[in-house]
Amino acid sequence: MYAKYKILTISSVLLVTAFAFQSCHHAAETSEKDTRFQVTDTLLNSLLKDTVKEASALTQLTLTGSIAPDENKMVKVFPFVSGVAQDVNVQLGDVVHKGQTLAIMKSAEMAGFTRDYTSSTADINNTKRILESTEDMYKSGLSSQRDVEQAKADYQKAVAEGRRAGDVIQINKSNGNGYEVKAPLSGFVVEKNLTNNTQVRADNTLNLFTIADLSTVYVLVNVYESDISKIQTGDPVKITTLSYPDKVFDGKIARIDNMLDPDNKVMHARVTINNPGNLLKPGMFANVMIKAKSGETLPFISSNALVFDNDKNYVIVIDGKAKVHIQPIKIAKTVEDRAYISDGLKPGDRIVASRQVYLYESLKD
């Protein structure tokens, strides 16, 4: 009886032990499964998402160019009279203001203009007195209507001559020292062909000065024949210079010349850019980056959403609610922050756009 009870007790202990061992094993398996990484709705909702879009692919051209003044804001200064230059007050590169005296010339022609103006002023005064006297005499019956009309005509001619002489003096500014060459606009002296004691002739085709307003300037871009079909008016441009390598100037192609430069066999595209502080000077070398259309349509995403691993590119694609997977892709080209995709994605696909490296490392295991 005792032996039978002993066997029953031992069997019960073994059964309990086996059940406990099985329960522990099952709990261990459950614990192991729970430790595997899972994407939850909460995690996915906390991430940024992006949708794959489609557009005409851009290509980035890197060209060279040079800074040039805007011809619409540049004036060449010619003399209106002959003479000898004195007191040349400006040098090449100086900043001048509209109406500022650039130089003074001793001119015999100016003496003649001054004489004509003085003579015309005297004629106006004289003919005016004669007209007034003739009109008084006409009222007294001592002169005829014809005399009054003649006096009036003489006075009108004197006034007209006085206006002409005054306009000549006004155009040809002068002071007691001679003819004043004045700046027609504010800007920089970019060309100077005059020094003290230079003899100047009014019929000379060489200008004395060139004044340019550099608040806006041109960039003359050298476009090679192979790139002509890739650019068009309005394409955005980024410009850097050797003088300011860390500063980027933004602009757009304003005009494209329709002929090749015969010397270097390039076509020029003109980019108008603002020049705050007049940092850019005519003649500066410029590096030009143009975003141009390549003619093909491709899906694109932000390059910030890419994961690069083992010489390949990946993205995290959202399949549905709390479902994602790693998708290998092929990149056709990258232009600034856009990555154009040749394989692996299609327009409308949704991808993870933040913490994608964390997800990639967690999912690839």
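Three exercises with worked solutions follow.

The model is predicted: local features need pLDDT of at least 70, side-chain atom pairs count only at pLDDT 80 or more, and totals for chains, interfaces and linings use all residues. Residues are numbered from 1 along each chain as its sequence is written, and side-chain values use heavy atoms, with hydrogens and water left out.

**Exercise 1.** Place proline 299 in its strand and decide whether proline 299 is buried or exposed.

Solution.
- Start with the element. Proline 299 sits in strand S16, residues 285–302. Strands (E, at least two residues) are DSSP runs, numbered from the N terminus.
- Check accessibility. The relative accessible area of proline 299 is 9%. Buried means under 20%, exposed over 50%, partly exposed in between (1.4 Å probe, protein chains only). Proline 299 is therefore buried.
- List the contacts (heavy atoms within 4.5 Å). Beyond four places in sequence, proline 299 touches Val52, Lys53, Glu54, Ala339, Tyr340, Ile341, Leu345 and Pro347.
- Take leucine 345 from that list. Leucine 345 and proline 299 are 46 residues apart in sequence, with their C-alpha atoms 7.3 Å apart.

**Exercise 2.** Describe the largest nonpolar core and the elements that contribute to it.

Solution.
- Fix the term. A nonpolar core is a set of buried Ala, Val, Leu, Ile, Met, Phe, Trp, Tyr and Cys residues joined through side-chain atoms within 4.5 Å.
- Find the centre of contacts. The largest core has 26 residues, and Val219, Val221, Ile239 and Ile290 have the most contacts inside it.
- Assign elements. Strands S2 (53–69), S12 (216–223), S13 (236–241), S14 (249–260), S15 (267–274) and S16 each give two or more residues to this core.
- Look for another core. One of 19 residues lies apart, with Val77, Ala85, Val88 and Tyr179 among them.
- Inspect isoleucine 290. Its contacts beyond four places in sequence include Leu61, Leu63, Val221, Ile231 and Ile253.

**Exercise 3.** Analyse the salt bridge between aspartate 250 and lysine 238.

Solution.
- Apply the cut-off. A salt bridge is a side-chain nitrogen of Lys or Arg within 4 Å of a carboxyl oxygen of Asp or Glu. Here the N to O distance is 2.9 Å.
- Locate the partners. Aspartate 250 is in strand S14 and lysine 238 in strand S13, 12 residues apart.
- Check accessibility. Aspartate 250 is partly exposed at 49%. Lysine 238 is partly exposed at 28%.
- Widen the view. Glu71, Arg255, Asp257 and Arg270 are joined into one network by salt bridges that share partners. The structure holds 12 salt bridges.

Notes. Helices (H or I, at least four residues) and strands (E, at least two) are DSSP runs, numbered from the N terminus.
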